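Welcome! Let's explore a protein chain together, one small question at a time.

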Amino acid sequence: WGLNESLPRVPRPRPTTNARKMPKVKSRRKFAGVKKIISPTDERIRRNEIARNQQKKKTASEPSRAVAQVPSNLFFSHNTALGPPYQIIVDTNFINHSISRKVDLVQGMMDCLLAKCIPCITDCVIAELEKLGHKYRLALRIAKDPRFERIPCTHNGTYADDCICRTVQQHRCYIVATNDRDLKRRIRKIPGVPIMYSAQGSHKFNIERMPEAYGAPRMG
C-alpha cells in the first residue's frame, strides 16, 4: 500500500476546442454516366403491348352510348309546341279508313280537336298511293286536295313509316294520324307526339297522348 501512494500522478490530456473534424466525402455522379435501359426485346415490354391491344379491342367492340338530345319545347313528356292550328301528318292507312267509314278527313279532325287543323302529307305517302294502283285512286285524289300541306322528302326510298318517324323526331310540332299498329308502336316511343286514330265501330276520330289543355276532348 505504501508503494502506490509514493507514485506520482500523471495528468490526463484535455480535449482542445480547436481540434479539426474530418471533412465528409461527397458522393459525386460519374462523368457521362448512363442509366440502364430496358431492351426493346424485353419480355415485359411485349406483355404491356399485348395488354394495351386487348384493351383497345375491348373498347372498340363496346357499343357507343349516345343520348339523343331532347328538344327544348318538351316539358317532361308534354310538348308545349303543339297548338292550334294543329298540323296532322296523315298516312295511307288513315286515309283508307276514313274513306271506308265515310268520314270527311278535315271535318273529322276539327270535330276531334275543336280547333283548326291542317292535314299534312309527305311525298312518300303520295308515292305509296301511286304504287297501289287504280284501286286506291280515290285515296290519291283526297291526298292531292289543295287543303293538304305537302311535306317534301329529301331521303332515299319511299317507305312512308320511316319517313314519318324521321319527320316527327326532327320537328315535334306534328300530330300523327294513323291506324297502323306498327307505326303506332314506333310513334309511342317518341315523347311529345300525339296519335290520332279512328275508333273501331265509330265514325269519329280519337286522339291519345295529348293533354286536355292542348285541345284533347274528354274521354268518357
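Q: In this predicted model, which residues of α5 are buried?
A: Buried means under 20% relative accessible area, so that is the test to apply along helix α5. What covers the buried residues of α5 includes β3, α3, β4, α6, β5 and α7. The residues of α5 that are buried are Cys124, Val125, Ile126, Ala127 and Leu129.

Q: Are α5 and α7 roughly parallel or antiparallel to each other?
A: Helix α5 covers residues 123-132 and helix α7 covers residues 160-170, and the two pack at an angle of about 165 degrees. Angles over 145 degrees count as roughly antiparallel. The two helices are therefore roughly antiparallel.

Q: Which residues of α7 make the contact with α5?
A: The axes of these two helices are 8 Å apart, and α5 passes α7 in a left-handed crossing. From the α5 side, Cys124, Val125 and Glu128 take part. Their partners in α7 are Ala160, Cys163 and Ile164.

Q: What is the phi of the residue that follows α5?
A: The residue after this helix is Gly133. Its phi is positive, near 95 degrees.

Q: How are α7 and α8 arranged, roughly parallel or antiparallel?
A: Helix α8 spans residues 181-188, and α7 packs with it at an angle of about 20 degrees, with the axes 11 Å apart. Angles under 35 degrees count as roughly parallel. That angle therefore makes α7 and α8 roughly parallel.

Q: Which residues of α8 make the contact with α7?
A: Here the crossing of α7 and α8 is right-handed. On the α7 side, the contact uses Asp161, Asp162, Ile164 and Cys165. On the α8 side, it uses Leu183, Arg186 and Ile187.

Q: How many aromatic pairs does a search of the whole structure find, and which residues form a pair?
A: The search of the whole structure finds 1 aromatic pair. Its rings are 4.8 Å apart, centre to centre, with 50 degrees between the planes, and the pair is tilted. So the count is 1, and the partners are Phe94 and Phe205.

Q: How many residues apart in sequence are the parts that the pair of Phe94 and Phe205 ties together?
A: Phe94 lies in helix α3, residues 92-100, while Phe205 lies in strand β8, residues 205-208. Phe94 counts as buried at 0% relative accessibility, and Phe205 counts as buried at 5%. Because the two rings sit in those two elements, the pair ties together parts whose separation in sequence is 111 residues.

Q: Is Met109 buried or exposed?
A: Met109 has its place in helix α4. Leaving aside neighbours within four places in sequence, Met109 is in contact with Ile88, Val90, Phe94, Cys117, Pro119, Met196 and Phe205. Its relative accessible area is 0%, so Met109 is buried.

Q: What distance separates the C-alpha atoms of Asn206 and Leu113?
A: Asn206 lies in strand β8, and this residue is buried, with a relative accessible area of 18%. Along the chain, Asn206 and Leu113 are 93 residues apart. In space, their C-alpha atoms are separated by 8.8 Å.

Q: Which residue is joined to Pro84 by a cis peptide bond?
A: Most peptide bonds are trans. In this chain, the bond in question has an omega of about -5 degrees. The partner is found in the loop between β2 and β3, and its name is Pro85.

Q: What is the phi of Lys102?
A: Most residues other than glycine have a negative phi. Lys102 sits in the loop between α3 and α4, and at 79% relative accessibility it counts as exposed. Its phi is positive, near 60 degrees.

Q: Is Leu114 buried or exposed?
A: Leu114 is found in the loop between α4 and β4, and its phi is positive, near 55 degrees. Its relative accessibility is 69%. A residue over 50% counts as exposed, so Leu114 is exposed.

Q: Over the ring of which residue does the charged end of Lys184 sit?
A: The charged end of Lys184 is 4.3 Å from the centre of that ring. The ring belongs to Tyr197.

Note on methods:
Residues are numbered from 1 along each chain as its sequence is written. This is a predicted model: local features need pLDDT of at least 70, side-chain atom pairs count only at pLDDT 80 or more; totals for chains, interfaces and linings use all residues. Side-chain values use heavy atoms; hydrogens and water are left out. Rings of Phe, Tyr and Trp (its six-membered ring) pair if their centres lie within 6.5 Å; planes under 30 degrees apart count as stacked, over 60 as edge-to-face and the rest as tilted. Helices (H or I, at least four residues) and strands (E, at least two) are DSSP runs, numbered from the N terminus. Buried means under 20% relative accessible area, exposed over 50%, partly exposed in between (1.4 Å probe, protein chains only). A charge sits over a ring if NZ of Lys or CZ of Arg is within 6 Å of the ring centre and within 35 degrees of the ring normal. Axes are lines fitted to C-alpha atoms, for helices over the stretch in contact, and angles run from 0 to 180 degrees between N-to-C directions. Angles under 35 degrees count as roughly parallel, over 145 as roughly antiparallel, 65 to 115 as roughly perpendicular and the rest as oblique. A crossing is left-handed if the near helix is turned anticlockwise from the far one by less than a right angle, and right-handed if clockwise. Contact means heavy atoms within 4.5 Å.
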